[in-house]
Every structure is written in structure tokens, then in C-alpha cells.
Amino acid sequence: MIHNGFGSIAEELGLADMLPFGGKWIFEGKDVKEKPAGERIRLILEELGPTYIKLGQMMSTRPDIVPAAIILELEKLQDKVREFPFDEVKAIIEDELELPLEELFTEFNPVPIAAASIGQVHKAILPSGDIVAVKVQRPNITKTIDTDLEILHNLARIAEKRYHWARDYGINDIVDEFSLSLNMELDYGIEGRNAEKIAAQFKDDDMIRIPEVYWDYSTKRVLTMEFVERIKINDVKSLDEIGFDRCLLSKRFTEAMMKQILDEGLFHADPHPGNVFVQPGDRLVFLDF
């Protein structure tokens, strides 16, 4: 019902071809048509851009309403989204930090170690010798997201006027909250400050780690943090091969989240497996605040 409803709204706005559910993109082209449904949805969300990738990330954490086969594909949106070229990465860093890349870093890997909806991450070495992870925002992303959010708001308003399920779910309020969150993500300064606030919560807990922020190498569009070796918390095969205690990890993760929510009132609101990692000693690492 929901998919059909959105399809009807999209037709009114001339946007039917842009929707992953019931849109023509799913069926046009032999290569796309022959792919499994989950992969088709993921590819279309990637093609639509950052806003829709973020929606896909949200859905990847909802196995209660999304089939397992689709979840497996949507999880790839957490850190394996299409990369953008290194020359654009270099241009953004030099524009933000006002120095040539070669003066800022003694080494900079042009191949990203992760790519997600808002930006991608590169491993680098500072003149001090510190190994860092440099997150760079996608080019022209603010304009793209503004346009996407305007479309989503229009869809939400029409949906609540025409469909009872949209009013029941409060679609317009959901889009408002989503917009607020997404716009805050466009300022890496907010993310860095949030990371430091969460780190302060666990300053006496060696089992929870938040990478250090390097403010001299960070701006609104570039965030440089301590690089940490880690394993994704849902990489069960690797965890078992190395000998991690998954029960203990589950307990520590739950306690860490409850501490943030109930004791501190400031918490990581997007703890999907692309943002939670494991280190030796069954230590948890939280990223992306």
C-alpha cells in the first residue's frame, strides 16, 4: 500500500521515474532487470544520490520491516557507496585547509577506505607522523540535498492530504526530523564536537574508544581524526576467527548505548554496523557522530 501510494504521488509531481519502488528505473535495461530486487533497490538509491542513500542506510537497520535479502544489499550503503574522484578530493581539501595537499600530509592514499552518503574517508599521515583518517565531503552536496529534501517535503505533504496511512505514520514529521538531522551532518564541525562530547563520557572506560579529532586539519567539509584499525561489529566470521567474545561485545554495546541515552542524554543516534567497530581486547570503537 505504501509503495503504491508514493507511486501515485510521484506521478502527480512527475517524479515516478525517480522512485525505487514501482519506478521505471527498476525495469528499464536488461542488466538491471535481471538483478535481484535488493540489488536493484540499492543501485537506484545510489544513483539518486546522498539523501536517498541515507534513507537506505536507515532502512538497513530495520530487519523488522525489511526482508533479509534486501537488508544485505542496503547494508552496503553504510560504507561502500560509489566513490568520487581523487582530483575532487584534493581540490576540496586544499580549498578548505588553504595549503597544497603535499604540505598538509606526508602521505595521502588516493584510494578511499570507505565511501558513504555524505563523504568518503582516506588514510593519510601527518607531518608529525600520526596516522589519520580524513573524511571529505562530496562536492556540491549541499545543493543536491536541498533539492532532494524539497522533493521529499512535497511528497510528504501530498501524502498526508491523500492517504490515511501517511497521516497515521506522521510522514511529514518524519521528513522534518530527517531534514534536520541531514543538514546537521553537512557540518563536520558539529560531528567533531559531538565526538569529543561522547569521548568525555567514556574517559574512564578503556573498553570504549572514540578517535581523537585533529582540529588543525578539520573544517566544515573536512574532518581529520585518529586512524584506528578495527573490524566491523557485524563481521561475525572475522570476529569468530580472531576469537572475540560476541556475548561480551553485545553487553558492552548495550551498556554503552544505555549510558549515553539514560545517563548522559547525548547519544550516538546512528549506530549502524558501519559506525561501530571492534578492536583487540573486545574494545568497541564508535565513529561518525
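Here are some worked exercises on a predicted model of a protein.

**Exercise 1. Get an overview: how many helices and strands does the protein have, and what share of its residues count as buried?**

Step 1. Start by counting elements: the protein has 13 helices and nine strands.

Step 2. Next, look at burial. Of the 289 residues, 46% count as buried.

Step 3. Finally, check how far apart in sequence the touching residues are. Take the contacts between residues at least 6 apart: 59% of them join residues at least 24 apart.

**Exercise 2. Work out the strand order of the open sheet of four strands, and find which strands stand at the edges.**

Step 1. A quick reminder: strands of a sheet pair through backbone hydrogen bonds, either parallel or antiparallel.

Step 2. Go pair by pair. β5 and β9 (residues 283–286) are parallel and share two bridges, with I208 partnered by L284 in β9.

Step 3. Now move on to β8. Four bridges link β8 to β9, and this pair is antiparallel; here V278 sits opposite L284.

Step 4. Then take β7 with β8, an antiparallel pair with two bridges. I231 faces V278 in β8.

Step 5. Put the pairs together and you get β5-β9-β8-β7, with mixed pairing. β5 (208–209) and β7 (231–232) each have a single partner strand, so they stand at the edges with one side left without a neighbour in the sheet.

**Exercise 3. Look around the same sheet: what packs on it, and are the residues of β8 buried or exposed?**

Step 1. Find helix α13 (residues 246–264), which packs on the sheet and touches β5, β8 (276–279) and β9. The direction of α13 makes about 45° with that of β9.

Step 2. Check each face of β8. V276 and V278 are on one side, F277 and Q279 are on the other, and all of these are buried. Both faces of β8 are therefore covered.

Step 3. Follow the chain from β8 into β9. The two strands make a hairpin with three residues between them, and G281 in the turn has a positive phi of about 85°.

**Exercise 4. Describe the surroundings of strand β3 (residues 119–125): which strands pair with it, and how many of its residues are buried?**

Step 1. List the partners. β1 (residues 107–108) is antiparallel to β3, with two bridges, and E107 has I125 as its bridge partner. β2 (residues 114–115) is antiparallel to β3 too, again with two bridges; A115 is opposite Q120. With β4 there are seven bridges, also antiparallel, and V121 is partnered by K135.

Step 2. Trace the connections. β2 leads into β3 by a hairpin through three residues. The hairpin of β3 and β4 has five residues between the strands, and G129 there takes a positive phi near 95°.

Step 3. Count the buried residues: five of seven, so β3 is largely enclosed by the rest of the structure.

**Exercise 5. Which residues other than glycine have a positive phi here, and are they buried or exposed?**

Step 1. Know what to expect: most residues other than glycine have a negative phi.

Step 2. Take N140, whose phi is positive at about 60°. N140 lies in the loop between β4 (131–137) and α8. With 63% relative accessibility, N140 counts as exposed.

Step 3. Now take D288, with a positive phi near 65°, in the segment after β9. D288 has 25% relative accessibility, so it counts as partly exposed.

**Exercise 6. Describe how α3 and α4 meet, and then what lines the second largest pocket.**

Step 1. Begin with the axes: those of α3 and α4 come within 6 Å and cross at roughly 145°.

Step 2. Name the contact residues. L45, E46 and L48 in α3 meet Y52, I53 and G56 in α4. By type, they are four nonpolar, one polar and one charged.

Step 3. Turn to the pocket, with about 230 Å³ of space. Its lining has 15 residues, and E46, G49, P50, R82 and R138 lie nearest the centre.

Step 4. Sort the lining by type and you find six nonpolar, three polar and six charged residues. α3 (37–48), α4 (50–59) and α8 (141–162) each supply at least two of the lining residues.

Note on methods:
Residues numbered from 1 in each chain as written. Predicted model: local features only at pLDDT ≥ 70, side-chain atom pairs only at ≥ 80, totals over all residues. Heavy atoms only, no water. Pairing = 2+ DSSP bridges. Contact = heavy atoms within 4.5 Å. Axes fitted to C-alpha atoms, helices over the stretch in contact; angles between N-to-C directions. 1 Å grid on protein atoms, 1.4 Å probe; cavity = no way out; pocket = protein on both sides within 12 Å on 5 of 7 lines; lining within 4 Å. Points joined across faces, edges and corners; volume = space filled by probe spheres on them. Nonpolar A, V, L, I, M, F, W, Y, C, P; charged D, E, K, R; others polar. Buried < 20%, exposed > 50% of the residue type's maximum accessible area, 1.4 Å probe, protein only.
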